[in-house]
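Work through the following exercises with the sequence and the 3D structure at hand, and compare each solution with your own reading.

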Protein chains: 2
Amino acid sequence: MSSTRDIDALIDLMARLPGLGPRSARRAVLHLIRKRALLLTPLADMMQTVAATARECVNCGNVGTTDVCDICTSEKRANGEICVVEDVADLWAMERSGVFKGRYHVLGGTLSALDAIGPQELRIPRLIDRVREDAVSEVILALNATIDGQTTAHYIADQLEGQVRLTSLAQGVPIGGELDYLDDGTITAAMRARKSL
Amino acid sequence: MSSTRDIDALIDLMARLPGLGPRSARRAVLHLIRKRALLLTPLADMMQTVAATARECVNCGNVGTTDVCDICTSEKRANGEICVVEDVADLWAMERSGVFKGRYHVLGGTLSALDAIGPQELRIPRLIDRVREDAVSEVILALNATIDGQTTAHYIADQLEGQVRLTSLAQGVPIGGELDYLDDGTITAAMRARKSL
């Protein structure tokens, strides 16, 4: 290992990032030291800034630097539609597609009996409040197509039934997908939801 | 994308690290924001520290926080042997094995006519000085087994011939290696350097 305590400590911290192991953390730290002015110092400064300013939106759970996030305060977005996602990363993925112009609600996970995560641990009560308080016409459940995601979607649908139009993302063949590489569940779902041309 | 300028800027900087792309940089930044006290703030602080203190050893080229590195100043290590490596990462790899107890010399790359990297661009003159000034009995050329690495090894061997014992790392079958998966060059080298049992 490096002969120096601080550099070792930096490698250990970097190795705790998702996607980096000890070897790639060492590579990253050497790269940072070589690009000190261009990368290491700006990165350290920006981390300080984000550590000081990042917070969760009190309304929807999105990550931002204000108490209420830009999406919740934007006047260009439709008020009547709430897209429910598990995680901020999912919100970002939806935003990259650019297809949705309403508001979001980030649950912060999925229901899980095993991990003792109930509705109170997620942002589900707040979602129910939002549907009652705001003039919401549609709640789109954009949860992951996993067992936990779908269980959570069913729970939310039960809670909101009769109060609002509930929809979920369509399931089927992904764009560019080859049938030969798809799992049976996806093909079954695509077949059942087949459309007239 | 995130609605916030600073968070986006942090993602862009993180994506410039080796081994991280835009997607894994986003994942890493979300992880950092969630683990603010445990990871983001300590990481930012340690980056500031390393940015302020990291430097190259004036003697061997190793990275450390002092003008002359811990390995060069250690009294526990043998003076007579210098292990020549291309890069600090290679020095760290040698140190992890714990097999070598002498001093190092980091070239900072390999000779390359294509990239106009000559002996002056590397730390080769300093190596020749060290061999002359110090009582060096052996120079171990631990350069990568690539064409550039071996060209550089030959050049250094030419320069130091007759002044010191010159050795290089053995080539052969790696520990745990299966013949079926090895390239022809490795098998040829291992066969030529075969040993009596």
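**Exercise 1.** Determine the handedness of the crossing of α1(B) and α2(B), and state which residues make the contact.

*Solution.* In this predicted model, helix α1 (residues 5-14) of chain B packs against helix α2 (residues 22-34) of chain B at an angle of about 125°, and their axes are 8 Å apart. Angles of 65 to 115 degrees count as roughly perpendicular and those over 145 as roughly antiparallel, and α1(B) and α2(B) are therefore oblique to each other. The crossing of the two helices is right-handed. On the side of α1(B), the contact is formed by B:Ile7, B:Leu10, B:Ile11 and B:Met14, while α2(B) contributes B:Pro22, B:Ala25, B:Arg26, B:Ala28, B:Val29, B:Leu32 and B:Ile33. Sorted by character, the residues of this contact comprise ten nonpolar, no polar and one charged.

**Exercise 2.** Decide whether A:Thr110 is buried or exposed, and locate this residue in chain A.

*Solution.* A:Thr110 belongs to the loop that runs between β4 (103-106) and α6 (124-133) of chain A. Its relative accessibility is 14%; since buried means under 20%, A:Thr110 counts as buried. When neighbours within four places in sequence are left aside, the residues in contact with A:Thr110 are A:Glu86, A:Ile117, A:Leu122, A:Asp148, A:Gly149 and A:Thr152.

**Exercise 3.** Describe the span that UniProt lists for "zinc finger region: C4-type" in chain A.

*Solution.* The unreviewed UniProt entry assigns this feature to residues 57-72 of chain A. In the model, the end C-alpha atoms of residues 57-72 of chain A lie 8 Å apart, and the span is 19% helix and 12% strand.

Definitions and conventions. Residues are numbered from 1 along each chain as its sequence is written. Chains are lettered from A and ligands numbered from 1 in the order in which they are written. This is a predicted model: local features need pLDDT of at least 70, side-chain atom pairs count only at pLDDT 80 or more; totals for chains, interfaces and linings use all residues. Side-chain values use heavy atoms; hydrogens and water are left out. Axes are lines fitted to C-alpha atoms, for helices over the stretch in contact, and angles run from 0 to 180 degrees between N-to-C directions. Helices (H or I, at least four residues) and strands (E, at least two) are DSSP runs, numbered from the N terminus. Angles under 35 degrees count as roughly parallel, over 145 as roughly antiparallel, 65 to 115 as roughly perpendicular and the rest as oblique. A crossing is left-handed if the near helix is turned anticlockwise from the far one by less than a right angle, and right-handed if clockwise. Contact means heavy atoms within 4.5 Å. Ala, Val, Leu, Ile, Met, Phe, Trp, Tyr, Cys and Pro count as nonpolar, Asp, Glu, Lys and Arg as charged, and the others, Gly among them, as polar. UniProt positions are given in the numbering used here, feature names are shortened, and annotations may be inferred rather than shown by experiment. Buried means under 20% relative accessible area, exposed over 50%, partly exposed in between (1.4 Å probe, protein chains only).
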